[in-house]
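Here is an informal walk through one protein model, written for someone who would rather look at the structure than at a list of numbers. Have the viewer open and follow along.

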Amino acid sequence: MSTERLRALALEAQERYADAGTDEVLAWAAQQFGRRMAVACSMADAVLPHVVAEHVPGVDVLFLDTGYHFPETLQTRDRVADLLDVTIVDVRPRLSVAEQDAVHGKDLFARDPGACCRMRKVEPLREALAGYDAWVTGVRREEGPTRADTPLVTWDESFGLVKINPLAAWTFEELLAYSERELLPANPLLAQGYPSIGCLPCTRPVAPGEDPRAGRWAGFAKTECGLHPATATPATATAAATATIPTTPTPQTTEEAR
Ligand code: SF4
């Protein structure tokens, strides 16, 4: 499908499905794109692959295999591959960790996490998505102020694709309930104080009541890996942050291609 056609589809659907349910928007996406749609999954949980596979059996699930993941995350990836009707696609950077160390110096993540994320996440995903018309993410509005205005469907100018966020309106409690009801695999780190799970060197556990993403790139101003541009203006984000900071120590997960 041409870029212009995809852009027009995205903008029309953004308005039409602004308040739609997850199944409604996924039914539209399945009909429009079928297997030309890929799911991005960080393997914190398996809710997103499961809801999409209900509409597109065997759907491609892209996992950004950065070389820096927790063993628990890789085990979750394997369990998702075994248990769900999906096709796991490991998306790897051009350079191995050893090669990156040799070219850019050891532990680039500790000096320039933006460059590290760009080489190990953003650029590999951009190349992987080149063969698709649409991608599906697990971004949820309550995850943080920069995600507060996430639409269910939008045009992703950066990747030149339709972007579908079918879980945008879900709360953590809804996500957890769905995962438990469907007996889905989940990353054991979620229960160990890691509400948002990224690469091992850039993720620490958070204290009860702390911002769920406070454990990501701690010590840096960075809060996103570059895959999901902010959807809220600074003013909106500030208001949303005030409204969404939990008053009880409720952990939250993050689906990012995360
Ligand atoms: S999260 Fe950290 S280790 Fe992973 S790609 Fe980004 S900077 Fe590198």
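Two strands count as paired if DSSP finds at least two bridges between them. By that rule, S1 and S2 are partners, running parallel with 3 bridges. Keep in mind that this is a predicted model.

**The overall picture**

Confidence first: pLDDT averages 86 over the protein chain, and 83% of the residues reach at least 70. The stretch to treat separately is residues 233-258, where pLDDT stays under 50. The model still has 61 contacts beyond four places in sequence for those residues.

The protein chain holds 9 helices and 6 strands. Of its 258 residues, 45% count as buried. Take the contacts between residues at least 6 apart in sequence: 75% of them join residues at least 24 apart.

**The sheet**

In what order do the 6 strands of the open sheet lie? Reading across, the order is S3-S2-S1-S4-S6-S5, and the pairing is mixed. Strand S3 (86-91) and strand S5 (153-156) stand at the edges with a single partner strand each, so one side of each has no neighbour in the sheet. From one strand to the next, the twist averages 30°. As background, strands of a sheet pair through backbone hydrogen bonds, in either a parallel or an antiparallel way.

Here are four of the pairings, each with one pair of facing residues.

| Strands | Sense | Bridges | Facing residues |
|---|---|---|---|
| S2 and S3 | parallel | 6 bridges | Phe63 and Asp90 |
| S1 and S2 | parallel | 3 bridges | Ala40 and Leu62 |
| S1 and S4 | parallel | 3 bridges | Ala38 and Trp135 |
| S5 and S6 | antiparallel | 4 bridges | Thr154 and Lys163 |

Strand S1 (residues 37-40) is a good place to zoom in. Met37 and Val39 point one way from it, while Ala38 and Ala40 point the other way. Are these four residues buried or exposed? All are buried. S1 has S2 as a parallel partner, and strand S4 (residues 134-136) also pairs with S1 in the parallel sense.

Over at the S5 edge, S5 and S6 make a hairpin with 4 residues between the strands. Gly160 sits in that turn and has a positive phi of about 70°. Which residue of helix H7 can be tied to this turn by a C-alpha distance? Arg126 lies in helix H7, and the C-alpha atoms of Arg126 and Gly160 are 9.4 Å apart, although the two are 34 residues apart in sequence. Arg126 counts as partly exposed because it has 16 C-beta neighbours inside 10 Å, and a residue needs 20 or more to count as buried.

**Two unusual phi angles**

Most residues other than glycine have a negative phi. Met43 is not a glycine, yet its phi is positive, at about 65°. Asp107 is another non-glycine with a positive phi, about 55°.

Where are they? Met43 is found in the loop between S1 and H3. Asp107 lies in the loop between helix H5 (97-104) and helix H6 (108-111). Their surroundings can be read from the neighbour counts: Met43 has 28 other C-beta atoms within 10 Å and so is buried. Asp107 has 12 other C-beta atoms within 10 Å, so it is exposed.

**Around Ala53**

Ala53 belongs to helix H3 (residues 47-53). Why does Ala53 count as partly exposed? Because it has 19 C-beta neighbours inside 10 Å, and the cut-off for buried is 20 or more. Leaving aside neighbours within four places in sequence, Ala53 is in contact with Val59, Leu84, Asp85 and Val86. Val59 is part of S2 (residues 59-64), and Val86 is part of S3 (86-91). Leu26 is 27 residues from Ala53 along the chain, and their C-alpha atoms are separated by 9.7 Å.

**The ligand shell**

Which residues come nearest to the ligand? Of the 13 residues around it, those are Pro113, Cys116, Cys117, Cys199 and Cys202. Helix H7 (residues 113-129) gives the largest share of the shell, with 5 residues. Sorted by class, the shell has 9 nonpolar, 2 polar and 2 charged residues. Helix H7 is also the helix that holds Arg126.

Conventions: Residues numbered from 1 in each chain as written. Predicted model: local features only at pLDDT ≥ 70, side-chain atom pairs only at ≥ 80, totals over all residues. Helix = DSSP H or I, 4+ residues; strand = E, 2+ residues; numbered from the N terminus. Axes fitted to C-alpha atoms, helices over the stretch in contact; angles between N-to-C directions. Contact = placed C-beta atoms within 7 Å. Near = placed C-beta within 6 Å. Nonpolar A, V, L, I, M, F, W, Y, C, P; charged D, E, K, R; others polar. pLDDT = per-residue confidence, 0-100.
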